[in-house]
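This report describes a protein model together with the nucleic acid strands around it. The sequence and structure are shown first, and the description follows.

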Amino acid sequence: MKIFDGLNDKQIEAVKAIDGPVLILAGAGSGKTKTLTHRIAHLLSQGVSPENILAVTFTNKAAEEMKTRVQKLLGLNITNLFIGTFHSLGAKILREEIECLGYKKTFVIYDEDDSFSLAKDILSEMNLSRDRFKPGPFLNLISKIKSELADSGSLGADDFYKKQLASFYNIYNRRLKSANAVDFDDLIMLPVKIYESRPEILKKYQEQYKYILVDEYQDTNRAQYVLINLLARKNKNIFAIGDPDQAIYGWRHADFRNILNFEKDYPEAKVVKLEQNYRSSQNILSAAHEIISKNVERKEKTLWTENPAGAMLEVIEANNERAEAEFILEKILDLNKTGMNLDKIVVMYRTNAQSRVIEEACLYANLPYRVVGAVKFYQRKEIKDVLAYLRFIQNQDDEISLKRITGILGKRLLQSFMADFSAKGGPASGWKKQTEGLSPKELIKSVIKKTNYYGYLEKKFTDFSPDGELESESRIKNIKELIGLASMHDNLSGFLTEVALMQQERDTDNSKKLNLMTIHSAKGLEFDAVFIAGAEENLMPHSRAAYSLEELEEERRLCYVGMTRAKKYLWLLFAKQRFLWGERKETIPSRFIMELPQHLVNFRSLADGYNLPEIELE
DNA sequence: ACACTGTGAGTTTTT
DNA sequence: CTCACAGTGT
């Protein structure tokens with residue numbers, strides 16, 4: 001049977017355990033996605049209906065990949081099978097049930113930028129000092145409350161700041177509701193609220209989703225955990241897969257104790273460890289294990305591989321971040337010459353700011369590169385502008401979109417827009433009437449024409465700046481891309497939901513380029529050669545994480561995630577000095593460098609007149 | 001309504 | 001250093 005071809009014994013065990021709770025502890029490179037997709041295929045082949053299966057992931061990319069692989073396995077396209085992100089699941093539930101909470105079905109989803117604008121408005125209306133009360137920290141606390149399913153009471157009220165925070169929390173939620181809008185955290189929290197207050201609704205969903213699969217279980221927050229476990233409570237067919245050693249989203253309120261406690265939640269659970277690694281060389285794996293085993297709060301799991309020992313790890317000391325970048329480029333050119341394609345190579349770093357010097361080195365060497373996760377398509381001004389009109393058409397309570405439209409049109413034009421929009425009467429007048437029943441694609445075209453948006457862009461960007469023409473052209477190109485995406489939808493609400501939940505840039509260009517990304521964005525990926533730049537104290541581990549053991553251990557997991565991306569070659573680099581915030585600073589090599597087993601590492605210093613002994617490699 | 005200028009803050013970021 | 005933003009000046 002094709003479904004079990006190419007799977008090892010443990011993977012087969014995981015795929016076959018259909019009934020009851022199953023926990024899979026899947027180490028890095030152990031075939032996690034393969035196991036998940038083969039399990040879905042197996043469920044279907046055993047006669048489980050596709051509509052009874054729910055598979056949840058964290059990213060659209062992971063969901064897409066899973067869909068494609070299931071399709072390929074079965075050789076046919078399965079509809080009615082839910083494979084999607086937590087947030088798209090939440091959006092689906094809310095689209096069906098939100099009316100019982102007093103929202104309208106036409107609700108819109110506010111992304112982080114929208115929430116930020118709303119928060120700024122509220123703070124300025126509250127007349128608070130701008131220095132002490134910033135939208136960022138306030139929103140972060142609100143997100144924490146929502147993702148922990150707590151309430152504003154947990155904020156306390158013993159000082160002025162906390163009182164203001166609690167009051168902000170209430171105003172923020174009230175404003176969202178009156179705008180008939182939900183934020184990202186609401187997409188999880190509100191379905192939980194519905195399920196907890198309306199057992200008959202919960203029952204309906206429990207009966208539908210008889211088989212539940214959750215990817216990256218270690219990254220679930222409290223609300224996601226509760227949502228999934230409510231759904232699974234009736235049939236108990238929950239399949240959770242993940243790796244506590246790769247939990248790196250604690251700062252986003254993920255709680256990896258959810259995966260550690262799975263066996264307490266389900267004492268009858270079947271637990272399978274996937275410990276054979278198919279990705280990395282023995283040396284890379286051993287070194288990574290040495291790092292991760294220093295964590296205290298951890299379940300022991302030892303990856304093994306049949307792969308050869310491979311090359312030693314390379315630890316490089318450079319004089320400064322420039323020398324570091326130059327060395328990396330030199331090595332990449334070598335690898336490229338020996339036949340390794342650029343897309344098989346990655347340069348990883350802890351903070352986005354570090355990409356700059358690497359980019360400069362790439363430009364100088366004329367090497368094509370892509371910075372992953374840097375530009376977000378849907379955050380672009382022109383895209384948000386056009387979408388603001390569409391969102392307003394769908395939901396006239398949306399104050400943030402209306403504010404945005406006001407910003408574009410100015411007060412006077414806005415009046416005529418509103419008059420025209422809501423005008424009643426014959427088919428010739430009233431924009432609202434005219435746009436009724438148009439497809440998303442037609443709507444965008446109509447918006448652009450009606451508001452002369454291209455004219456606005458040209459005026460705004462051509463008159464003053466020297467590159468204005470190019471600028472407005474590229475913005476128009478982006479809108480054309482949005483139109484392309486819209487043409488795949490026939491329903492406005494569906495289109496807007498997808499766009500709101502599609503935060504990352506869509507990868508349209510698949511030419512072979514060097515990858516630059518943060519370690520966080522590299523999770524789930526693999527490369528032949530990996531360069532980790534800036535392995536220094538205060539950067540990795542980050543200075544803000546150095547004060548608590550928990551945060552430090554998350555930094556160590558991050559380092560582990562970075563290292564285990566490598567198949568064949570792994571370089572770790574640090575600079576003696578780094579230019580940071582306009583200041584050149586002396587640095588200390590990362591403690592993680594010190595923790596590497598010496599017999600697996602070649603150390604080389606490119607620094608002037610510098611002798612090793614100060615650095616002890618265990 | 002827009003350009004200039006000083007100030008201040010600056011991890012990570014799946015959705 | 002670099003970006004965002006509030007305040008000022010035209």
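P541 is located in the loop that connects β13 (527-532) with α24 (549-563); helices (H or I, at least four residues) and strands (E, at least two) are DSSP runs, numbered from the N terminus. The peptide bond leading from M540 into P541 is cis, and its omega is near 10°.

The model is predicted: local features need pLDDT of at least 70, side-chain atom pairs count only at pLDDT 80 or more, and totals for chains, interfaces and linings use all residues. Residues are numbered from 1 along each chain as its sequence is written, chains are lettered from A and ligands numbered from 1 in the order in which they are written, and side-chain values use heavy atoms, with hydrogens and water left out.

**Confidence**

The pLDDT is the predictor's confidence in each residue, from 0 to 100. Chain A has a mean pLDDT of 89, with 95% of its residues at 70 or more. Over residues 610-618 the pLDDT stays under 50, and the model has 23 contacts beyond four places in sequence for this segment; contact means heavy atoms within 4.5 Å.

**The parallel sheet**

Six strands form an open sheet in the order β3-β2-β6-β7-β1-β8, with parallel pairing. Two strands pair if DSSP finds at least two bridges between them. At the edges are β3 (82-85) and β8 (270-274), each of which pairs on one side only. From one strand to the next, the twist averages 15°. Within the sheet, β6 (residues 211-214) and β7 (residues 238-242) run parallel and are joined by three bridges. Opposite L213 stands F239 of β7. Helix α10 (residues 222-232) packs on the sheet and touches β2 (53-57), β6 and β7, its direction making about 160° with that of β6. Such angles run from 0 to 180 degrees between N-to-C directions, and axes are lines fitted to C-alpha atoms, for helices over the stretch in contact. The loop between β6 and α10 holds E216, which has a positive phi of about 50° although it is not a glycine.

**The DNA strands**

A residue is near a strand if one of its heavy atoms lies within 4 Å of it. DNA strand B is surrounded by 26 residues, of which Y249, R350, N352, K376 and T518 are the closest. Of the atoms of DNA strand B that come within 4 Å of the protein, 46% belong to sugar and phosphate. Around DNA strand C are K120, R130, R356, F579, W581 and G582. For DNA strand C, sugar and phosphate make up 67% of the atoms that come within 4 Å of the protein.

The surface near DNA strand B comprises seven nonpolar, eleven polar and eight charged residues, and that near DNA strand C comprises two nonpolar, one polar and three charged. Ala, Val, Leu, Ile, Met, Phe, Trp, Tyr, Cys and Pro count as nonpolar, Asp, Glu, Lys and Arg as charged, and the others, Gly among them, as polar.

Polar contacts (pairs of N or O atoms within 3.5 Å) to the DNA include the following.

| Protein atom | DNA atom | Distance |
|---|---|---|
| R350, polar side-chain atom | strand B, base oxygen | 2.2 Å |
| T518, side-chain N or O atom | strand B, phosphate oxygen | 2.3 Å |
| L501, polar backbone atom | strand B, sugar or linking oxygen | 3.0 Å |
| R356, polar side-chain atom | strand C, phosphate oxygen | 3.4 Å |

Definitions and conventions: A polar contact is a pair of N or O atoms within 3.5 Å; within protein, one must be able to donate a hydrogen and the other to accept it, and residues adjacent in sequence count only if both atoms are side-chain atoms.
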